[in-house]
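Colleague: I've got the sequence and the 3D view open, but I'm new to this and a bit lost. Could you pick one small part and take me through it slowly, with a bit of the surroundings too?

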Amino acid sequence: MTTTGISFHRDTVEILVGTVVVDRYGNDTLDWSDPGETLIERCRVLPEAGTEILDRVTRRWILFAPPDTPLDSANRVRWDGIVYGVIGEVRRWPSPSGALAHIEADLERVEG
C-alpha cells in the first residue's frame, strides 16, 4: 500500500507511552494509568480488514505518520477518541531520494 499525498494527511493522533514499573515478581511492565502523550499532526489513518467472531470484534487500522514520529511497538495510539495497540514493528519508508518519507504502523483494538 502506498501513502497518499501529504494534503490528504489531515488526521491527528496521540502517541501514548506507558511508564515502566516493576511488578511484584521483579519484572519490568508498563503502567497505562497515566501515560505520557505526544500529539502528532499530518497523519493519515485508513481502515484495514477486521474480524467479528461471536461477541469478539477486532478493529484494525493502518497509520501513516511523519518520519519524525516517536512511535514503537510498545506504544499505544489514540485516534478519534479510541485507544489502539501498535501491532508488530513500526515500518520506516524511504523516499526515492533516500530520505525517510514516512512511517507506517498497524493499529488494533479488540472488543468483547
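Modeller: Let's start from the outside: the accessible surface of the protein chain comes to about 7,200 Å², and carbon and sulfur atoms account for 52% of that. Keep in mind that you're looking at a predicted model. The mean pLDDT of the chain is 91, with 94% of the residues at 70 or more. Of the 112 residues, 30% are buried. The C-alpha trace spans about 50 × 35 × 20 Å along its principal axes.

Now for what it's built from. You'll find six strands and zero helices, so to speak a plain β-β-β-β-β-β run when you read from the N terminus.

The part I'd zoom in on is strand S4, residues 76-79. Among the elements of the chain, S4 has the highest mean pLDDT, 97, while strand S2 (residues 28-53) has the lowest, 93. Look at where the S4 side chains go: Val77 and Trp79 make up a covered face, and Arg76 and Arg78 an uncovered one.

Next, check who S4 pairs with. One partner is strand S1 (residues 11-22), which runs antiparallel to S4 and is joined to it by three bridges. If you want a spot to click on, Glu14 has Arg78 in S4 as its bridge partner. Another partner is strand S5 (residues 82-94), again in the antiparallel sense, this time over four bridges. Here you can click on Trp79, whose bridge partner in S5 is Ile82.

How do you get from S4 to S5? The two form a hairpin with two residues between them. In that turn sits Asp80, with a positive phi of about 55°.

From Ile82 you can hop one step further out, to Arg109, since the contacts of Arg109 include Ile82, Val83 and Tyr84. Arg109 also touches Val57, Thr58 and Arg59. Arg109 itself lies in strand S6 (residues 100-111). Is Arg109 buried or exposed? Neither quite fits: its relative accessibility is 30%, so Arg109 counts as partly exposed.

One last thing to try while you're there is to look from Arg109 over to Gly36. Those two are 73 residues apart in sequence and 20 Å apart in space, C-alpha to C-alpha. For the chain as a whole, take the contacts between residues at least 6 apart in sequence: 53% of them join residues at least 24 apart.

Conventions:
Residues are numbered from 1 along each chain as its sequence is written. This is a predicted model: local features need pLDDT of at least 70, side-chain atom pairs count only at pLDDT 80 or more; totals for chains, interfaces and linings use all residues. Side-chain values use heavy atoms; hydrogens and water are left out. pLDDT is the predictor's confidence in each residue, from 0 to 100. Buried means under 20% relative accessible area, exposed over 50%, partly exposed in between (1.4 Å probe, protein chains only). Contact means heavy atoms within 4.5 Å. Accessible areas come from the Shrake-Rupley method with a 1.4 Å probe; for residues, only the protein chains shown count as cover. Two strands pair if DSSP finds at least two bridges between them. Lists of a residue's contacts leave out its neighbours within four places in sequence.
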